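Q: I'm new to this one and would love a guided tour rather than a list. Could you take a close look at one part and tell me how it's put together, in plain words?

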Amino acid sequence: MKLRTLTLSILFLLLAWGNSKLFAQQSVNITGKLTSYVTKHISEKVYLQFDKPYYAAGDTIYFKAYVTIGERHNLSQLSGVLHAELINTANKIDKAIKLQIVNGITWGDFALPDSLPAGNYRVRAYTRWMQNDGPDASFEKIIPVGNLHPQRISESNTAKQLHTKADMQFFPEGGELVAGIRSKVAFKAIGTNGLSIGVTGSITDNTGKQIAAVSSTHLGMGYFNLLPEYGRTYTAHITYADGSKDKIQLPQANTAGIGMTINNDSIQHAPIRIVANKEYFEANKGKEYTVLIWSGGYASTVNCKLDSPMIAMDLIKRRLFTGVARITLFSPDAEPLCERLIFIQKFDQLKLNIDPEKTAYKIKDKVTIKLNASTTADSTAAGHFSVSVTDESKVPVDENNETTILSDLLLTSDLKGNIEQPNYYFTNVTDEKLKELDLVMLTHGYRQFTWKKVL
């Protein structure tokens, strides 16, 4: 098979808005329409920093709110009012407040009555501008109220949908299975409580032959490789961790199609492979295709001619931005054919050093601390900061389950569905965690915009 390689280190200059003559007309149309769409549909995000992860009846929930604009996460000057709501266990609004936003920042609180029933409450926050993007754009966080040690729940989640039985979904990389093309198929298993559940099992074809083994590796997620054969169908035989079993039909493979795979294991670059099966290649040989990379609110495009069944290109990641990046393959008619999300980890977050004046304090002692914030280049960083002081022996915290400003703005606010243990991917980052984060990219859809609306 002939291999054609393009080096994006030269072409990938973040030519946002597609004005370069390097690209064919359809590239300009795609980036131009995307530019027009994001210009008219400015997005805001809200993040609320709370003083504690959970509360008791009679406490006061204190929070500081950050309102950002765009995918560069700059403080927003667009909205002047933040709407914050405390939602009870019956999904009814107990309290609603309006807070004035000044330069993207505001503060607020909810006083909890002593008679408040124990349970999982929610705090929802949004601006009027955010309502243009629907209810999914609002910030929501579960706030357990009751005793000091309630059952902890992933705090990035809203009210969970309960299932009558465990469920499992399959996500072929790029979007669809194609006959004759080996594909990575990710999966995610959800238990009856709406949270992940471990699975084992196998994939068989319609003759009963075992094709692949199935075993979750992290929070009900995993993957297997599958080479669909023409005329064959495939079934997953699953055993869940609770002992229940299921038999699930995999999606039918396209008889004529094109696929895209991306290896995101390296920090420096991400190899992209575009592969067409025999039927698709013969029908579209020589046509121009476009790869669009969307990262940090900027678009860049690279054109490639389908002059061989496989095209390889190397995505240099140093010009991308930390967070979710979206890579889409478009047809000569500007139709999106394949799409893949990857997480860009630049290790460029601020370094925070807290220096207290004493190592131990008495009750009602005055606490003075020095906070030093610096960049990766050790330059002093200016900004807005939130600090809460709690007795960790009385208010223990599981860092993995927490929602932080990093995990919210860079991950959960950009994806559909519940992301369990969001802060796990930002605490003590290892190669193994980055691979597990890639499973999140494969099993959760992007929600900022849809190509149907853009095009």
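A: Quick ground rule: helices (H or I, at least four residues) and strands (E, at least two) are DSSP runs, numbered from the N terminus. This is a predicted model, where local features need pLDDT of at least 70, side-chain atom pairs count only at pLDDT 80 or more, and totals for chains, interfaces and linings use all residues. Residues are numbered from 1 along each chain as its sequence is written, and side-chain values use heavy atoms, with hydrogens and water left out.

Let's settle on the nonpolar surface patch, about 850 Å² in area. To join such a patch, a residue needs over 30% relative accessible area and no salt bridge, with nonpolar side chains (Val, Leu, Ile, Met, Phe, Trp, Tyr) joined within 5 Å and, for charged patches, like charges within 9 Å. Area here is Shrake-Rupley with a 1.4 Å probe, and for residues only the protein chains shown count as cover; a salt bridge is a Lys or Arg side-chain nitrogen within 4 Å of an Asp or Glu carboxyl oxygen.

So who's in it? Leu-350, Leu-352, Ile-354 and Tyr-361 belong, along with Val-367, Ile-369 and Leu-371, and then Phe-385, Val-387 and Val-389. Strand 24 (351–356) and strand 25 (369–374) are the elements that give two or more residues to this patch. Val-387, meanwhile, has its place in the loop between strand 25 and helix 4 (405–410).

Since strands came up, here's how some others are arranged. An open sheet of 4 strands runs in the order 13-12-15-16, with antiparallel pairing; two strands pair if DSSP finds at least two bridges between them. Strand 13 (210–215) and strand 16 (245–249) are at its edges with a single partner strand each, so each has one side with no neighbour in the sheet. On average, neighbours in this sheet are turned by 20° against each other, direction ignored (axes are lines fitted to C-alpha atoms, for helices over the stretch in contact, and angles run from 0 to 180 degrees between N-to-C directions). Strand 12 (residues 199–205) pairs with strand 13 over 5 bridges in the antiparallel sense, and Thr-200 stands opposite Ser-215 in strand 13.

There's another open, antiparallel sheet of 4 strands, ordered 6-5-8-9. Its edges are strand 6 (93–100) and strand 9 (139–145), each pairing on one side only. Inside that order, strand 5 (residues 81–87) and strand 8 (residues 119–126) pair in the antiparallel sense over 5 bridges, and Ala-84 faces Ala-125 in strand 8.
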